[in-house]
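Work through the exercises below with the sequence and the 3D view open. Try each task before reading its solution.

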Amino acid sequence: VYKLLPVLIQEMGPSYPELPAQRELIGKVIKEEEDSFLRTLDKGISMLSDAIEALKAEKKNVKAQKKAQNAKEDAAEAQQKANAQDKAAQSIIDENGGKNKAQISEQYKYQIDALQAEIKALKSRMKANPNDTSLSTEKAQKEAQLQTIKSKKKIIDNAIKAEQKNVKAQKKAENAQSDAKDAQQHAKSQAEAADKVVGRQN
């Protein structure tokens with residue numbers, strides 16, 4: 001604005017002779033006021049920017065804390081389910097000499113395949129020998145055995161799946177907790193930075 005002073009004096013000088021007489025002083029005062037205003041504006045913009053960043057950081061922090069809490073709850077639930085499935089499978093594990101669940105599942109798979117092949121063969125023999133009742137009895141025994149092994153395999157497989165889900169849930173909870181900690185620290189830093197700017201202005 002102070003650069004417009006010559007125009008102002010030119011236009012208003014005839015009516016206000018003190019304007020040209022105090023030209024230098026008026027120009028100096030206007031320039032100082034402008035500079036002061038711009039400094040105040042810069043400080044205000046800086047304060048606003050810091051406040052906005054602090055709010056963004058806090059929003060992310062709240063979101064991260066909620067995510068961590070949800071992940072923690074999911075992990076606890078996954079752990080409970082894994083424990084329950086392990087408990088259900090323990091007698092089968094003991095029955096198989098303490099082998100790990102993957103080995104037992106694979107063993108049952110081979111047994112199921114073998115029994116299904118035997119049952120298929122028995123059906124062919126029964127068709128060829130319809131009067132041989134022993135074949136029907138043997139087939140019924142094999143089918144019962146097959147169902148038992150399938151049931152045990154399902155229990156073992158459920159325990160394996162529950163453990164896999166549990167491992168993933170625990171890892172997810174761990175990562176979420178780490179992210180929440182970082183977000184909390186960042187929010188704290190941004191808030192402190194904003195407070196310092198405000199403090200310098202007071």
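**Exercise 1. Place the pair Lys 109 and Asp 113, then describe their link.**

Step 1. Lys 109 and Asp 113 both sit in helix 4, four residues apart, about one turn of the helix. Helices are DSSP runs (H or I, at least four residues), numbered from the N terminus.

Step 2. The two form a salt bridge, with the closest N and O atoms 3.5 Å apart. The term means a side-chain nitrogen of Lys or Arg within 4 Å of a carboxyl oxygen of Asp or Glu.

Step 3. Lys 109 is partly exposed, at 38% relative accessible area. Asp 113 is partly exposed too, at 37%. The cut-offs: buried is under 20% relative accessible area, exposed is over 50%, and partly exposed is in between (1.4 Å probe, protein chains only).

A note on the source: this is a predicted model, where local features need pLDDT of at least 70, side-chain atom pairs count only at pLDDT 80 or more, and totals for chains, interfaces and linings use all residues. Residues are numbered from 1 along each chain as its sequence is written, and side-chain values use heavy atoms, with hydrogens and water left out.

**Exercise 2. Find which parts the salt bridge between Lys 152 and Glu 95 ties together.**

Step 1. The closest N and O atoms of Lys 152 and Glu 95 are 2.6 Å apart.

Step 2. Lys 152 lies in helix 5 and Glu 95 in helix 3, so the bridge ties together parts 57 residues apart in sequence.

Step 3. Lys 152 is partly exposed, with a relative accessible area of 22%.

Step 4. Set this beside Glu 53 and Lys 56, a salt bridge at 3.9 Å between the closest N and O atoms. Those residues are three apart in helix 3, about one helical turn. The whole structure holds nine salt bridges.

**Exercise 3. List the residues of the largest nonpolar core and say which helix gives the largest share.**

Step 1. A nonpolar core is a set of buried Ala, Val, Leu, Ile, Met, Phe, Trp, Tyr and Cys residues joined through side-chain atoms within 4.5 Å.

Step 2. The largest one has twelve residues: Ala 89, Ile 92, Ile 93, Ile 104, Tyr 108, Ile 112, Leu 115, Ile 119, Leu 146, Ile 149, Ile 156 and Ala 159.

Step 3. Helix 3, helix 4 (101–128) and helix 5 each give two or more residues to this core. Helix 4 gives the largest share, five residues.

Step 4. Apart from this core lies another, of ten residues, including Ala 64, Ala 71, Ala 169 and Ala 173.

**Exercise 4. Is Asn 166 buried or exposed, and what does Asn 166 touch?**

Step 1. Asn 166 lies in helix 5.

Step 2. Asn 166 is buried, at 4% relative accessible area.

Step 3. Not counting residues up to four places away in sequence, Asn 166 touches Ala 75, Ala 78, Gln 79 and Ala 82. Contact means heavy atoms within 4.5 Å.

Step 4. Repeat for Ser 105 in helix 4. Ser 105 is buried, at 10%. Leaving aside neighbours within four places in sequence, Ser 105 is in contact with Lys 153, Ile 156, Asp 157 and Ile 160.

**Exercise 5. Check the sequence and space separations of Ala 187 and Pro 6.**

Step 1. Ala 187 belongs to helix 5 and is buried, at 5% relative accessible area.

Step 2. Ala 187 and Pro 6 are 181 residues apart in sequence and 51 Å apart in space, C-alpha to C-alpha.
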